[in-house]
Amino acid sequence: MKVQTSKSFIGKVPSSAGGMSFTFASPTEVYYMEANVKQVDVPTMTGNFGILPAHVPTLQVLKPGIVTVFDEEGAQSKYFVSSGSMTVNADSSVQLLAEEAAALDELDITAAKANLDKANAELSSASGEIERAEVLISIEAHEAIIKALE
Amino acid sequence: MFARSGFVLLFEPQWGQVRNMATLKDITRRLKSIKNIQKITQSMKMVAAAKYARAERELKPARVYGTGALALYDKAEIEAAEDQAKHLIIGVSSDRGLCGGIHSNVAKNIRNQIAELTAAGKEVKIATIGEKLRSLLYRNYGSHLLLTFKEMGRKPPTFGDASIIASELLSSGFEFDKGAVVFNRFKSVISYSTEAKPVFSFDTLTNSENLSIYDDIDADVLRNYQEFSLANIIYWSLKESTTSEQSARMTAMDSASKNASEIIDKLTLTYNRTRQAVITKELIEIISGAAAL
């Protein structure tokens, strides 16, 4: 994937020429840093968003799923994210901060299936609100991983 | 006559002649202990250099993460209203010393902020990350201390640590209106600067007028977003802080080993002179004893 650094406009001037300054990072790795990409598909709590340049500003919280980045040549890169936040600002800059992110080829589908079975088993034995919520989150994440890899 | 080393004469009181020229044994003991100290500070410098290299590497993505988290607040120009009464100051430091002015700079910044804020009649609480900071502040500002976090500094900080800190702060029961994170931002191997970055509360965010340009936001999303941003900012400040600390420790231990080497050189000269003086004295005694026969 090509990573271009382009200066993003500061202030409320919308960026012309169809560019959006896209920053995608996890706490340990930077995937895109103010790169100029065509479109980004993001899984959020309120549904899947396709973000194009000059998208209306919004704040979103991510849910486990795939982020697809369409760069300028039209090539797609897919990443799995666990959670995080996304900001689209008025100047068409997008900050996608994932708590954990991995390229799809780093994920192992057999391990995901095994973890999902384990989480389902724990669901029946989970006691208390917080434990139940944690197990449900684990189930959701693993189901999303399996769906992404298939 | 005997060559007296000026080094020893320094401690001779001015009244009367007091013989306190160090014996050979004293100098030997001192020399041995300073050599040990030099070895220790040298190895501490090596360790700090290794940790610094790793910390600087991990700082790069953390910086993107931190500036990304602050981007919303910058671009939407969110500011807390001036009459906000409850402030939270988060001081980021560590448990370990021997790193120059790291802890005292943060403490000084916090003290100045507290002075300003209490003069304006605001209620201030402090959360300290790191034992050293707590011990610097608890004597005079013990009543302001809300939370302390220990066991920082031994291992590099992770996002998990930052989330724990963020969730403890949010569930501490102190509903702050405005906050600031005070930390040492890493500039280069030999310099860092102590800065305060603002932290906004959920209420400030919802009541900010610029937020209306952001579409499709409900209270839940905003709350999650704000909590996640808090964890991000703390994570970033932790990473910057450790990098500054390791580089400061490297510099401090380096100058300590240089100083120790200088003292060792001076002491070795004194030792040799004293040794020669002792031998000369013995010879003279033997010769004058023999001459008396």
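Helices (at least four residues) and strands (at least two) are taken here as DSSP runs, numbered from the N terminus. By that count, chain A of this predicted model has two helices and nine strands. Their order is easy to follow: read along the sequence, chain A runs β-β-β-β-β-β-β-β-β-α-α. Chain A holds 150 residues, and 46% of them count as buried. As for how chain A folds back on itself, take the contacts between residues at least 6 apart in sequence: 54% of these join residues at least 24 apart.

One piece of chain A gives a feel for how its strands are put together. E2(A) and strand E3 (residues 47-51) of chain A pair in the antiparallel sense, with five bridges between them. The link from E2(A) to E3(A) is a hairpin of two residues. Within this pairing, A:Val42 sits opposite A:Phe49 of E3(A). On strands in general, side chains alternate between the two faces of the sheet when the strand is regular.

Next comes the place where the two chains meet. Here 31 residues of chain A are in contact with 26 residues of chain B. About 2,200 Å² is buried between chain A and chain B, and carbon and sulfur atoms give 68% of that area. What about charged pairs across the boundary? The count of salt bridges between chain A and chain B is zero. Polar contacts do turn up, though: three residue pairs across the interface of chain A and chain B, both partners at pLDDT 80 or more.

Which parts of chain A make up its side of this interface? Strands E1 (21-26), E2 (29-44), E4 (58-62), E7 (84-88) and E8 (93-98) of chain A each supply at least two residues of the side that touches chain B. E7(A) gives the largest share, five residues. Sorted by class, the side of chain A that touches chain B has 14 nonpolar, 13 polar and four charged residues.

Salt bridges do appear elsewhere, with 10 found over all chains in a search of the whole structure. The idea behind them is simple: side chains of opposite charge can pair when their charged atoms come close. In one of these bridges, B:Asp254 joins B:Lys45, with the closest N and O atoms 3.3 Å apart. This pair links distant parts of the chain, with B:Asp254 in helix H7 (residues 219-292) of chain B and B:Lys45 in helix H2 (residues 24-75) of chain B, 209 residues apart. Both ends are partly exposed: B:Asp254 has a relative accessible area of 24%, and B:Lys45 comes in at 22%. B:Lys45 and B:Asp254 also belong to a network with B:Lys258, joined by salt bridges that share partners.

Helix H2 of chain B hosts a more local pair too. The side chains of B:Glu58 and B:Arg54 form a salt bridge at 3.1 Å, N to O. B:Glu58 and B:Arg54 both lie in helix H2 of chain B, four residues apart, or about one turn of the helix. B:Glu58 is partly exposed at 24% relative accessible area, and B:Arg54 is partly exposed at 41%.

A further salt bridge involves strands of chain B: B:Glu195 meets B:Arg185 at 2.7 Å, N to O. B:Glu195 lies in strand E5 (residues 191-200) of chain B and B:Arg185 in strand E4 (residues 178-188) of chain B, so the pair ties together parts 10 residues apart in sequence. B:Arg185 is partly exposed, with a relative accessible area of 24%.

Technical notes: Residues numbered from 1 in each chain as written. Chains lettered and ligands numbered in written order. Predicted model: local features only at pLDDT ≥ 70, side-chain atom pairs only at ≥ 80, totals over all residues. Heavy atoms only, no water. Contact = heavy atoms within 4.5 Å. Buried area = accessible area lost by both parts, 1.4 Å probe. Salt bridge = Lys/Arg side-chain N within 4 Å of Asp/Glu carboxyl O. Polar contact = N/O pair within 3.5 Å; in protein donor to acceptor, adjacent residues only side chain to side chain. Nonpolar A, V, L, I, M, F, W, Y, C, P; charged D, E, K, R; others polar. Buried < 20%, exposed > 50% of the residue type's maximum accessible area, 1.4 Å probe, protein only. Pairing = 2+ DSSP bridges.
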